[in-house]
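Visitor: I have a structure to read and little practice. Please take me through its features one at a time.

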Amino acid sequence: MQGKGKSMYNDRQAMDLRRRRQIRNWIILIAVVLAEALTSALVAVPLQYWDTMIIEQKYGFNRSTVKTFVIDQVRSFLIEVVLGVILMGLLALIHRAMGDW
């Protein structure tokens, strides 16, 4: 009788361990997507600022202000992170469903 109860406790521990690993994997996935988005933004934003605010303004094509430029950059960053997490999550789920080869 005691062996059976002990087995159930071990099964619960195993399930808890699996949940913790899944949560850790999702956190790692989110961290990777955030790191990629931040790296991309650090490289692209100065170039986009120069293109939008300097060159376009020089020739009269720029209608945006610094405020609208910053808002657009924040929006695009958030969209990139959300879509990146969703797509990477779907790929991770497909990969897990396929199993080992």
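Visitor: What percentage of the residues in the chain is buried?

Guide: A note before the answer: this is a predicted model. Buried residues are 12% of the 101 residues in the chain.

Visitor: How many helices and how many strands does the chain have?

Guide: The count is 2 helices and 0 strands. Helix H1 covers 2–58 and helix H2 covers 66–98.

Visitor: What is the radius of gyration of the chain, and what would a compact globule of 101 residues have?

Guide: The chain has 23 Å, whereas a compact globule of 101 residues would have a value near 13 Å. The box filled by the C-alpha atoms gives another view: along the principal axes, it is roughly 85 × 30 × 15 Å.

Visitor: Which share of the contacts with a separation of 6 or more joins residues 24 or more positions apart?

Guide: That share is 67%. Val33 offers a case to look at. This residue belongs to helix H1, and, leaving out residues up to four places away in sequence, Val33 touches Val81, Gly84, Val85 and Met88.

Visitor: Is Val33 buried or exposed, and why?

Guide: Val33 is buried, because its relative accessible area is 7% and the cut-off for buried is under 20%.

Visitor: How far apart in space are Val33 and Arg12?

Guide: Their C-alpha atoms are 32 Å apart, with the two positions 21 residues apart in sequence numbering. A similar reading can be made in helix H2, where Asp72 is found. From Asp72 to Leu91 is 19 residues along the chain, and their C-alpha atoms are separated by 28 Å.

Visitor: Why does Asp72 count as partly exposed?

Guide: Its relative accessibility is 43%, and partly exposed lies between the 20% and 50% cut-offs, so Asp72 falls in that class.

Visitor: Which residues does Thr52 contact, leaving aside its neighbours within four places in sequence?

Guide: They are Gln57, Asn62, Ser64 and Phe69. Thr52 itself is part of helix H1, and its relative accessibility of 18% makes Thr52 count as buried.

Visitor: How much area does the chain expose, and what share comes from carbon and sulfur atoms?

Guide: The exposed area is about 8,800 Å², and carbon and sulfur atoms supply 67% of that area.

Visitor: How does one look for empty space, and how much of it lies in the largest pocket?

Guide: Rolling a probe the size of a water molecule over the atoms shows where space is left empty. Here the largest pocket holds about 190 Å³.

Visitor: Which residues line the largest pocket?

Guide: From helix H1 and helix H2, which each give two or more residues to the lining, the list includes Ser40, Ala41, Ala44, Gln73, Phe77 and Glu80. By class, the lining has 5 nonpolar, 4 polar and 1 charged residues.

Methods: Residues are numbered from 1 along each chain as its sequence is written. This is a predicted model: local features need pLDDT of at least 70, side-chain atom pairs count only at pLDDT 80 or more; totals for chains, interfaces and linings use all residues. Side-chain values use heavy atoms; hydrogens and water are left out. On a 1 Å grid over the protein atoms alone, a cavity is a set of points where a 1.4 Å probe fits but cannot get out, and a pocket is an open set with protein on both sides within 12 Å along at least five of seven lines; lining residues have an atom within 4 Å of a point. Grid points are joined across faces, edges and corners, and a volume is the space filled by probe spheres set on the points. Helices (H or I, at least four residues) and strands (E, at least two) are DSSP runs, numbered from the N terminus. Ala, Val, Leu, Ile, Met, Phe, Trp, Tyr, Cys and Pro count as nonpolar, Asp, Glu, Lys and Arg as charged, and the others, Gly among them, as polar. The radius of gyration is taken over C-alpha atoms; the globule rule is 2.2 Å times the number of residues to the power 0.38. Buried means under 20% relative accessible area, exposed over 50%, partly exposed in between (1.4 Å probe, protein chains only). Contact means heavy atoms within 4.5 Å. Accessible areas come from the Shrake-Rupley method with a 1.4 Å probe; for residues, only the protein chains shown count as cover.
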